[in-house]
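Dear colleague,

Please find the sequence and structure below, handed over for your reference. A short account of the findings follows.

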Amino acid sequence: MKLAIVSDFHLGYERFRSDAFSQAHEALTKAAEQSDAMLVPGDIFDNRAPKPDVLAEGLSLFRELSSRKWNAEIEQVTGMSKAYTNAPIVVIPGTHERRAVGEENPISLLSLAGFVVDASDSVAIIKKGNERVAVRGIGGIAEERLRDYLKTAEFKTVPGAFNILMFHQSIYELMPFSKDFIHFDELPEGYDLYVDGHIHNRVEAKVHGKPFIIPGSTVLTQLKETEQESKGFYIYDTETGEARFQSINSRRFVVVKVSVEGKEPSEITSEISERVAKEAGKGDMPIVQVSLSGSLKQGFKPGDLSFSQIVKDFEGKAIVEISGSGIEEASAIAGAFKQGMLEGLPVKDYGTSLFIEKLKQAGYSLSISPTALFDILSGESKDKAVRAALDKLLQGD
Ligand SMILES: [Mn+2]
């Protein structure tokens with residue numbers, strides 16, 4: 001059976017709303033033409049409660065898709081979900097669509113409308129002639145709950161079928177940022193193919209010796225360096241084991257790195273303009289992200305740089321984003337590395353000392369100690385941290 005694997009459309013994503021819709025449409029249409037059945041591992045919508053017009057985008061895409069003549073059909077669904085269609089379009093909700101247990105999310109609405117089969121906590125069996133593909137879905141859940149879920153839930157493969165585990169989670173080997181992220185070898189064994197969403201660039205790997213595929217998103221949202229490759233989807237052939245990636249016409253995204261080391265603001269702005277012009281001349285309105293690093297020429301500070309004119313100059317030719325966040329701090333840390341200052345010093349201590357140094361320069365004179373302030377600010381979410389810091393400061397005065 002030929003399976004299309006296409007994911008993370010983020011319909012309703014505000015910044016590139018029409019990209020999200022048109023690129024999803026292209027991916028779904030092309031993928032359907034080349035496959036017997038379709039798998040969508042989450043984040044069809046950008047939001048757990050999409051506005052009616054965004055919901056309508058999703059409904060129209062999947063209405064068109066489910067009314068096609070498919071070579072395969074849904075034979076059976078067991079578990080928490082029910083099948084309201086025979087169309088072999090098997091989906092799960094992602095993190096963006098997750099709601100409390102028992103509440104309807106936009107994916108369950110698509111399922112109720114009879115356009116897709118929601119495989120969360122269920123096994124959907126797709127049949128084509130004598131061939132069967134069984135998809136065990138895990139709807140996107142909080143990363144810290146996944147290990148418990150894997151321990152308590154049932155993972156029985158279907159004998160005689162090609163078994164797939166489909167989920168929407170971070171994987172530690174791909175994103176080593178949190179201990180909550182599971183490792184490849186913690187995934188249940190026994191499946192013939194592992195399909196994951198969530199990560200927006202495409203990945204091919206191996207889990208328990210079997211193929212693992214992330215198709216990546218069909219639209220740019222995170223604007224990470226790894227998202228510069230073209231967007232698209234996979235066609236996986238269960239007979240040959242071949243996984244083929246196919247590109248769609250997605251908006252181009254380029255990261256341009258400019259060093260400001262020892263340069264004056266005027267030199268920097270003309271260098272940026274030159275580099276952006278190279279990308280903007282191709283008529284496809286790319287997103288060009290300029291990332292600056294290094295330390296400025298003596299006597300200049302980041303506040304001396306102004307980029308609004310550059311952004312304006314390229315209006316209609318490129319969407320230009322300029323980040324100067326790498327300017328001073330990056331060079332301070334790089335300098336510290338060079339001098340061996342960070343050797344044996346935990347990064348947090350280094351961060352604290354940098355913070356205290358900056359506060360001193362700014363003439364900080366409040367009663368709460370800089371170290372305590374650092375701990376509060378580096379603690380929880382941004383809003384909570386700021387509130388906690390303000391509370392503490394106002395109390396102290
Ligand atoms: Mn996503």
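In this predicted model, D121 counts as partly exposed, at 36% relative accessibility. This residue is found in the loop between β5 (117-118) and β6 (122-128). The phi of D121 is near 55 degrees, a positive value in a residue other than glycine.

D43 likewise has a positive phi, of about 55 degrees, although it is not a glycine. D43 lies in the loop between β2 and α2. With a relative accessible area of 1%, D43 is buried.

D43 also belongs to the metal site. The manganese ion is coordinated by D8 (OD), H10 (NE2), D43 (OD) and H200 (NE2), at 2.1 to 2.3 Å. H10, in the loop between β1 (2-5) and α1, and D43, in the loop between β2 (37-40) and α2, are 33 residues apart, and the pair links distant parts of the chain. Both H10 and D43 are buried. Along the chain, the donors of the manganese ion follow the spacing D-x1-H-x32-D-x156-H.

The two helices named above also pack against each other. Helix α1 (residues 17-33) and helix α2 (residues 52-66) do so at an angle of about 10 degrees, with their axes 10 Å apart. Angles under 35 degrees count as roughly parallel, and α1 and α2 are therefore roughly parallel to each other. Their crossing is right-handed. In this contact, R17, F21, A24, H25, L28, T29 and A32 of α1 meet D53, V54, E57, S60, L61, F62, E64 and L65 of α2. By class, the contact has 8 nonpolar, 3 polar and 4 charged residues.

With kind regards

Conventions
Residues are numbered from 1 along each chain as its sequence is written. This is a predicted model: local features need pLDDT of at least 70, side-chain atom pairs count only at pLDDT 80 or more; totals for chains, interfaces and linings use all residues. Side-chain values use heavy atoms; hydrogens and water are left out. Axes are lines fitted to C-alpha atoms, for helices over the stretch in contact, and angles run from 0 to 180 degrees between N-to-C directions. Helices (H or I, at least four residues) and strands (E, at least two) are DSSP runs, numbered from the N terminus. Angles under 35 degrees count as roughly parallel, over 145 as roughly antiparallel, 65 to 115 as roughly perpendicular and the rest as oblique. A crossing is left-handed if the near helix is turned anticlockwise from the far one by less than a right angle, and right-handed if clockwise. Contact means heavy atoms within 4.5 Å. Ala, Val, Leu, Ile, Met, Phe, Trp, Tyr, Cys and Pro count as nonpolar, Asp, Glu, Lys and Arg as charged, and the others, Gly among them, as polar. Donors are N, O and S atoms within 2.8 Å of the metal (3.2 Å for Na, K and Ca); water is not among the atoms, so sites may look incomplete. Buried means under 20% relative accessible area, exposed over 50%, partly exposed in between (1.4 Å probe, protein chains only).
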